[in-house]
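Thanks for coming. I have one structure to go through today, and I will keep it brief.

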Amino acid sequence: MKTPPAIVLFLLCLAIGGCSVPSASNSPADVSETPAASPTAAAPPAAENDNSRSPQDENADDNTRPTLFTGTAGITDKKFEIAGAALLVDVRAARHPEFDRIVFEFRGDLPSYHIEYIDKPVRQCGSGNAAAIAGDAWLQMRFSPANAHDERGESTVPMSRSKPDLTVVKEVAATCDFEAEVEWVAGVAKPNKYRVTELNNPTRLAVDIQH
């Protein structure tokens, strides 16, 4: 009986070890033609807002722009209802680029205030005696209810008269501390416009007189 050629070829391949049977797993039909998706790069983090710089405080004095100064040469009168009398503890004056500033510091709430230019002579409220204050014009600043002395009658303000000799403000002097009314007068070179600013922590009233 003649051996079929296919069997002969199979036996020959086994003898020489040069034949292999194709595996179903190597079939081209099983190879995916779709390329593997590459990993998506992580999106860069969003830039953080720079909050390290706080905006300029609009309430701060801008001494470089005189156009911001708005004031009056007339009367300023403001009323407050407070419990008891405010205590005046300090009065100071300083020069700024476009104005001279007088600051009244109080302990407690801000009292009512009345501010106006007055004619000479300037007088003490209790005695009525004339008070010589340097300057060619005089700005009177009156506070009530307020005191500038403690229960023993001693002054709570370091000085009752000061001569800072600034651009406009030449002298600042106390003219009244009587029956819950406190009054100071600033002798100035000219009756220029002034403005008033109420400040807190501590309680203060700033009076700016334009150069």
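I will start with the overall make-up, then take the strands, the salt bridges and the nonpolar cores.

Keep in mind that this is a predicted model. The secondary structure comes to 1 helix and 13 strands. Along the sequence the helix comes before the strands, as the pattern is one α followed by a run of β. Of the 211 residues, 31% are buried. The accessible surface is about 14200 Å², and carbon and sulfur atoms hold 52% of it. If we take contacts with a separation of 6 or more, 68% of them are between residues 24 or more positions apart.

Now to strand β13. Here 7 of the 8 residues are buried, so the strand is largely enclosed by the rest of the structure. What does β13 pair with? One partner is β3, in the antiparallel sense, over 8 bridges. Another is β12, residues 194-199, which also pairs with β13 in the antiparallel sense, over 6 bridges. β12 and β13 form a hairpin with 3 residues between them. In that turn, Asn 201 has a positive phi of about 55°.

One residue in β13 to look at is Asp 208. On the β3 side, Arg 101 stands opposite Asp 208. On the β12 side, the bridge partner of Asp 208 is Arg 195. Those are strand pairings; the side chains come next.

How far apart are the closest N and O atoms of Arg 101 and Asp 208? They are 2.6 Å apart, and the two residues form a salt bridge. Arg 101 belongs to β3, residues 99-107, and Asp 208 to β13, residues 203-210, so this pair ties together parts that are 107 residues apart in sequence. Is Asp 208 buried or exposed? Asp 208 is buried, with a relative accessible area of 0%. Arg 101 is buried too, at 12%, since the cut-off for buried is under 20%.

The whole structure has 11 salt bridges. One of them joins Arg 142 to Glu 183, with the closest N and O atoms 3.9 Å apart. For anyone who cares about cut-offs, a salt bridge here needs the atoms within 4 Å. Arg 142 is in β7, residues 137-144, and Glu 183 is in β11, residues 181-188, so the pair ties together parts that are 41 residues apart in sequence. Glu 183 is buried at 7%, while Arg 142 is partly exposed at 23%.

Asp 165 and Lys 170 form another salt bridge, at 3.5 Å between the closest N and O atoms. Lys 170 is partly exposed, with a relative accessible area of 25%. There is also a network of salt bridges that links Asp 90, Arg 92 and Glu 105.

Last, the nonpolar cores. The largest one has 29 residues, and those with the most contacts inside it include Leu 88, Phe 104, Phe 143 and Ile 102. Elements that give two or more residues to this core include β2, β3, β4, β7 and β13. Which residues does Ile 102 touch, leaving out those up to four places away in sequence? Among them are Val 91, Met 141, Val 172, Ala 186, Leu 205 and Val 207, and also Arg 92.

Apart from the largest core lies another, of 7 residues. Its members include Ile 118, Val 122, Trp 138 and Val 185.

That is what I have.

How values were computed:
Residues are numbered from 1 along each chain as its sequence is written. This is a predicted model: local features need pLDDT of at least 70, side-chain atom pairs count only at pLDDT 80 or more; totals for chains, interfaces and linings use all residues. Side-chain values use heavy atoms; hydrogens and water are left out. A salt bridge is a side-chain nitrogen of Lys or Arg within 4 Å of a carboxyl oxygen of Asp or Glu. Helices (H or I, at least four residues) and strands (E, at least two) are DSSP runs, numbered from the N terminus. Buried means under 20% relative accessible area, exposed over 50%, partly exposed in between (1.4 Å probe, protein chains only). A nonpolar core is a set of buried Ala, Val, Leu, Ile, Met, Phe, Trp, Tyr and Cys residues joined through side-chain atoms within 4.5 Å. Contact means heavy atoms within 4.5 Å. Two strands pair if DSSP finds at least two bridges between them. Accessible areas come from the Shrake-Rupley method with a 1.4 Å probe; for residues, only the protein chains shown count as cover.
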